[in-house]
Structures are given as C-alpha cells and as structure tokens.
Amino acid sequence: MKALNIIKNNDLRKEFFNDLISFFENNIGYINSKNIKIWEHTIYDLYDNKMINTLVKKISKLDKKKYSVHFRCMIPKYRKLAYLKINYDIISVIDICTVTFINDKYIDNIHVCYTQINNNEAIVEYKIQFNRVMTSGLFFDFLKHNRKKLYNKDFVDYYYFDSKSSNKEIDMWYVVLLKVYRNLLQAEIGENFLLNFGKNYMLPSCMIKNVPKEEYNKFNFRDVFLRYSCEIRGGEQYLIFDFTSDYGMKMDLYFTGNSYSPIRLITYISEFRMMFYFYIFNNIERIELNIKMNRYFNRKKKRISAKDFKWMVNKKRSIDDNKCLESFRGFRESTLKNIKAFYENEEIEVPFSSKKYIDKYDSIYSECLKHLETLYSLQKENL
C-alpha cells in the first residue's frame, strides 16, 4: 500500500508541475514582466559527525565528467574522521569543498561549508552560484528542463490545479511558482549531495535578490506583512524573515545597485549557534520532537527505545553546551551593532539573538527527559 501511495503522489506531483508550467507558458509575458534578479541562493541543513563523513565521501565520488570538485578538507577513506570536536569557546566556519558544474546552463558552482552549533551537531551551508543573474524567465527555463527532479521528492508540495484557472488567479499561482523555484534548488542539492532534514522538509534557505533603486525603499522593507526585517549596515541590505513558512525559515536578502558586500549567514550562525538554529529550524524541530516523543506521552509505546532516549539526552546536552558560550556576548554585541530589526515598522530585538527559543526548548527537553527517565525506571522495575 505504501508503494502504491508513493507512485500516486509522484504522479500527482508530475501532473501538477506539468499543468503549472503549461499555464505560465500561455502567460509567458507575465513571467518576463517580473523584475526578479537572483544572484545567489543558500540552503541550510543539520548534520552530525557521521553524516558529514558520508556527505564528504559522496561528494568525492561525483561524476568527474559533470563536476569538478576542489576539496578543502580531508576525505575519509578507511575510517570516519572527527569533523566535529568538543567546542565550547571557538567560533569557526570550516570549508568542505567547492563543486563546479561542468557545461551546466544555469548553475556555476556550489560551495559547501559548516559550523558547529553544539558539541555533536553542525549546520552545513550550500551556497549556489549561478552562471549569470537568474531572471524570472531563466528560472522558468530552469524549471522546465529540470522538473523531473521534483516528482519523487517528499518535501515538495503539490496542489490541485484547475485547468480552467483564469488570468485573474495568475498572481496567486506566481507565488506558488516562486516556492517551486526553492523546491527545485533544494532538489538539485538532494540529487548530488546528501540531505538530512531536507529529505522530508523544505529547509531554511536564503535568496539574494537585486532590486531596482526606485523600489529600494527602507520604509517598505521595515514594514513587510507577516515578516521580520533586519536592516544591515544602515540600509545597505535588508534581510527579510518569513515566519509563515511551513517548515524551514524562508529568507530573502535584498540589495540594490550593480554590486554588494555580501553578508555570510553562516558566520552569524557560528556566533549565535543554537539561538539561530532554533529560530530558522523551529517548525522542523517541533515536528521531529512530536514524532519521537508523542508515542511515549500517549502511551502508544510502552518500552523506551534506547535510540530515542539517547536522542533526547543529546538534545538536552545541546542546550547545555550553549550555556558555556556566554563569554562571547561581547563579540555578539559588536556584530549586532550593524543590524537593526523591525516588525510592522517598529524596531524590535534582533530575532536570532533572542534566548526565547533556547529557553523554550530547554524547558521542553527537560520535561521530556524527566518523563522518559520515569518510564525507564518503571520499565526496569517490571523487568
């Protein structure tokens, strides 16, 4: 039955994407009228040491006729390497490699790096650079030529598309199309690399968008509907956080002009660690927690799984690891001097610097761990 459902879902995705593309092919003037210019796109996923070993190995085996790989780290051959180390007081970003796409019409290269957010987990950043600035028309061509990569991906949503959809609904379907572009870029990573949460969820991602000067208005960026806005270096750039995203946080970095001095979100993650992680992975973390722990709270599962118990112990430890980083507050504060955050045009605390999510998950993990320990004690007594 499960296999039949998978086939059905893949067929439904295929039908939806084919209908969506046909609809916009008949409205190609609308696509070309959209003043969208994407310079880069970055995607973030969570890994442990074992998964980073597997990731590096997989990259080392990419087809040399299609990809040129320049490694900046050691490749595991006979045994697993310790990419992650006990780390309480060092902030760093470690380069893994740059993968150059040979003879690809759209993607030039993907740069891969990571930073530890606690002693046993790291966030890996995939920075996708294009051969040229991606306009709305180029993205549409990219989708048409690569749509098959979306058919079998669990993280890709699909919708009922009425073949009679009128041009009055075109704005609504264009919003869906923009989401599909993000789907496709994540699918590209999944095809060539190794995803963790990205197998099942849309991951946190950030598009670098160029905006015409006449549209670059700080008052508009400070008041974006249902979004937090970070003004960087006095308005040189605006980082917009869309907290209505279903899973990973959707982010957009806006700038104007012919060049810009890029910020590296991975360096902010390395400084704020679990605070930044919980902010952009909050929905995914909540779902994962529910999947693993709900079966014990609703008594569906009577025996404690050692794997689940260890997972919860490590989750609680990941919070405790970050309590040792308070000595870096001065460094964080110097970073925040260049950033102002806004919501509905009112200045607020920079969202990813807040301890709100740390405190929230510290409380949840403590309660869950206490519950598991109680159940485990009863389990031992019964044995």
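This text walks through the cysteines, a charged surface patch, two residues with positive phi and one contact between distant parts of the sequence. The model is a predicted one.

The cysteines come first. The structure holds 0 disulfides. For C73, the closest cysteine sulfur belongs to C97 and lies 6.8 Å away, which is too far for a bond. A disulfide would need the two sulfur atoms within 2.5 Å, so C73 is left without a partner in C97 because their sulfurs are 6.8 Å apart. C206 is likewise in no disulfide, and its nearest cysteine sulfur, that of C230, is 11 Å away. As for surroundings, C73 counts as buried, with a relative accessibility of 18%. C206 also counts as buried, at 2%. The cut-off behind both statements is a relative accessible area under 20%.

On the surface, the topic is charge. Five lysines, K50, K57, K61, K80 and K307, gather there in a patch of positive charge. One of them, K57, is found in helix α3, which covers residues 49-60. K57 has a relative accessible area of 35% and is therefore partly exposed. A residue must have over 30% relative accessible area and no salt bridge to be part of such a patch, and K57, at 35%, passes the area limit.

The backbone has two residues to look at next. Most residues other than glycine have a negative phi. R233 is not a glycine, yet its phi is positive, at about 50 degrees. R273 is another residue other than glycine with a positive phi, near 45 degrees. Where do R233 and R273 lie? R233 lies in the loop between β7 (227-232) and β8 (237-242). R273 lies in the loop between α7 (265-272) and α8 (274-297). Are these arginines buried or partly exposed? R233 is partly exposed, with a relative accessible area of 36%, whereas R273 counts as buried at 2% relative accessibility.

The last stop is strand β5, residues 122-135, where Q129 has its place. Q129 counts as partly exposed, with a relative accessibility of 25%. That value falls between the limits of 20% for buried and 50% for exposed. Along the sequence, Q129 and I38 are 91 residues apart, while in space their C-alpha atoms are 9.6 Å apart.

Methods. Residues are numbered from 1 along each chain as its sequence is written. This is a predicted model: local features need pLDDT of at least 70, side-chain atom pairs count only at pLDDT 80 or more; totals for chains, interfaces and linings use all residues. Side-chain values use heavy atoms; hydrogens and water are left out. Patches are made of residues with over 30% relative accessible area and no salt bridge: like charges are joined within 9 Å, nonpolar side chains (Val, Leu, Ile, Met, Phe, Trp, Tyr) within 5 Å. Accessible areas come from the Shrake-Rupley method with a 1.4 Å probe; for residues, only the protein chains shown count as cover. A salt bridge is a side-chain nitrogen of Lys or Arg within 4 Å of a carboxyl oxygen of Asp or Glu. Lys and Arg count as positive and Asp and Glu as negative; His and the chain ends are not counted. The place of a charge is taken as NZ of Lys, CZ of Arg, CG of Asp or CD of Glu. Helices (H or I, at least four residues) and strands (E, at least two) are DSSP runs, numbered from the N terminus. Buried means under 20% relative accessible area, exposed over 50%, partly exposed in between (1.4 Å probe, protein chains only).
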